Amino acid sequence: MSVRPRNDTIYPTGDEGDVPIPTLTGVNRAVHDIVECIEENFPSYIVDERKIGFSVFDIIKAGSLGHGTSVEGNYDLDLVVYSSEISASDVCRSEDHFKPWLKRIHHFLENNLEGFKFEKLKQRSLQFDYHHPSCVIKVDLLVSPHCDSCEDFYQFLKYIPKNKRELFTVCSSRWQVEFMRRQPPAVKNYIRRAKKWRDDAWPEAEGGEGRPSSYLITLLVIMAFNIAKSRRGSFAEELIGLVHREKLNVHWGRRCSKIQDMKCRFYKPSEQIELLPSRPRVVDPANPANNVWISGIAGYKPGERAGNYDGGDGNHQPLLDKIRTITLYFSSLQLK
């Protein structure tokens, strides 16, 4: 998932190891145009006297753009359309999962969004290029049932069969964005550098078995950063040690309000025992049923996008094999 910006990168002042942070003026204009088009026109969209559109409660900008962790030349743009008309029971029953709703949006965008270039329709996402005057964006568009609160979402998950819960990871996207907004700039700088390492170690054009998703990289970096800071140790060594733990247990309980990653608390693990996955696990801070250690690692074909919402195979051996090379990417960075 990438965006090809037109020369709008700035280099912030800071430590020598800081990663260039792109200004996203053109990208944000493009995103605004897509969102505005859907919000204003899609709900009332009619084809051959039949209503195709459905209600749009909200549209969330997720991925690295929504999280504020974009790396120059490789930006994840995930747009999540929330609607009260999407039935969770229908999603569970359908072999195509979210495809029926995505097909409607596909038809709409193809006929109403100038610059829309279709790429692929998957069970959980519509992938397309958007040719905007200022940039060309690769977009993953997803749809989701709407829940009024994260508590309602967790209660809803308890009634969903375990083998179907992963389908609804997309529902928690807005709380994932909220969690990331509370992370300090120093942590986001580490995330950008770790994602740069990931992109170099597993080039998308070549395919890459075991390539970790952006979200998995993000959660591992946040936890390793806090461990290293509390121990006044090496961030790279803490990250390496973290992923090599046989009983890896990254979760976000209410233990210490002074630790940055605990400031956005959506649930107590003790209150969501029946949703928590087994170890090894990297539990989603916004969704106790999502084990990002499994869903965030998968192989893909050359040229195919590796998304954060399409599930994974949990084969993390390639990550373990390559993780020590990350030390080169953090040699000039200091914990802040």
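What follows is a short exchange between a biologist and a modeller about a predicted model.

Biologist: How many salt bridges does the structure hold?
Modeller: The pairs include R124 with E166 and D200 with K196. R211 with D199 is also one of them. The total for the structure is nine.

Biologist: Which residue forms a salt bridge with R124?
Modeller: In this pair the closest N and O atoms are 3.8 Å apart. That falls within the 4 Å cut-off for a salt bridge. The partner of R124 is E166.

Biologist: How many residues apart in sequence are the parts that R124 and E166 tie together?
Modeller: R124 lies in the loop between β8 (116–121) and β9 (126–132). E166 lies in the loop between α5 (150–158) and α6 (173–181). The pair therefore ties together parts whose separation in sequence is 42 residues.

Biologist: Is R124 buried or exposed?
Modeller: Its partner E166 has 33% relative accessibility and counts as partly exposed. R124 has 13%. Buried means under 20%, so R124 counts as buried.

Biologist: Where do D200 and K196 lie?
Modeller: Their side chains meet in a salt bridge, 2.7 Å from N to O. D200 is partly exposed at 38%, and K196 is partly exposed at 35%. The two residues are four apart, about one turn of the helix, and both lie in α7 (residues 185–201).

Biologist: Which residue forms a salt bridge with R211?
Modeller: The closest N and O atoms of this pair are 2.6 Å apart. The pair links distant parts of the chain, with R211 in strand β11 (residues 211–212) and its partner in helix α7, 12 residues apart. R211 is buried at 5% relative accessibility, and the partner is buried at 15%. That partner is D199.

Biologist: Which residues are joined into one network by salt bridges that share partners?
Modeller: Here the link comes from shared partners. The residues in this network are E119, D129 and K138.

Biologist: How many of the nine residues of helix α9 are buried?
Modeller: Helix α9 spans residues 235–243 and is mostly covered. Its buried residues are F235, A236, E238, L239, I240, L242 and V243. The count is seven.

Biologist: What covers the buried residues of α9?
Modeller: The cover includes helices α7 and α8 (214–231). Strand β12 (249–250) is also part of the cover. Further elements in the cover include α10 (292–295) and α11 (317–322).

Biologist: The backbone oxygen of which residue lies 3.0 Å from a polar atom of the K195 side chain?
Modeller: K195 is in helix α7. At 2% relative accessibility, K195 counts as buried. Leaving aside neighbours within four places in sequence, K195 is in contact with S64, T69, V71, S214 and I217. The backbone oxygen in question belongs to T69.

Biologist: How far apart in space are S70 and L24, C-alpha to C-alpha?
Modeller: S70 lies in the loop between α2 (63–67) and β7 (78–83). S70 is buried, with a relative accessible area of 4%. S70 and L24 are 46 residues apart in sequence. In space their separation is 9.3 Å.

Biologist: How many disulfides does a search of the whole structure find?
Modeller: A disulfide is a covalent bond between the sulfur atoms of two cysteines. C37 is buried at 8% relative accessibility, and C92 is buried at 15%. The search of the whole structure gives a disulfide count of zero.

Biologist: Which residue does a cis peptide bond join to R279?
Modeller: Omega of this bond is about 0°. The partner of R279 sits in the loop between β12 and β13 (281–284). That partner is P280.

Biologist: What is the phi of H97?
Modeller: H97 is in the loop between α3 (88–93) and α4 (99–112). H97 is buried, with a relative accessible area of 11%. Its phi is positive although H97 is not a glycine. The value is about 55°.

Biologist: Is R232 buried or exposed?
Modeller: R232 is found in the loop between α8 and α9. Its phi is near 55°, a positive value in a residue other than glycine. Relative accessibility is 79%. The cut-off is over 50%, so R232 counts as exposed.

Key. Residues numbered from 1 in each chain as written. Predicted model: local features only at pLDDT ≥ 70, side-chain atom pairs only at ≥ 80, totals over all residues. Heavy atoms only, no water. Buried < 20%, exposed > 50% of the residue type's maximum accessible area, 1.4 Å probe, protein only. Contact = heavy atoms within 4.5 Å. Polar contact = N/O pair within 3.5 Å; in protein donor to acceptor, adjacent residues only side chain to side chain. Disulfide = S-S within 2.5 Å.
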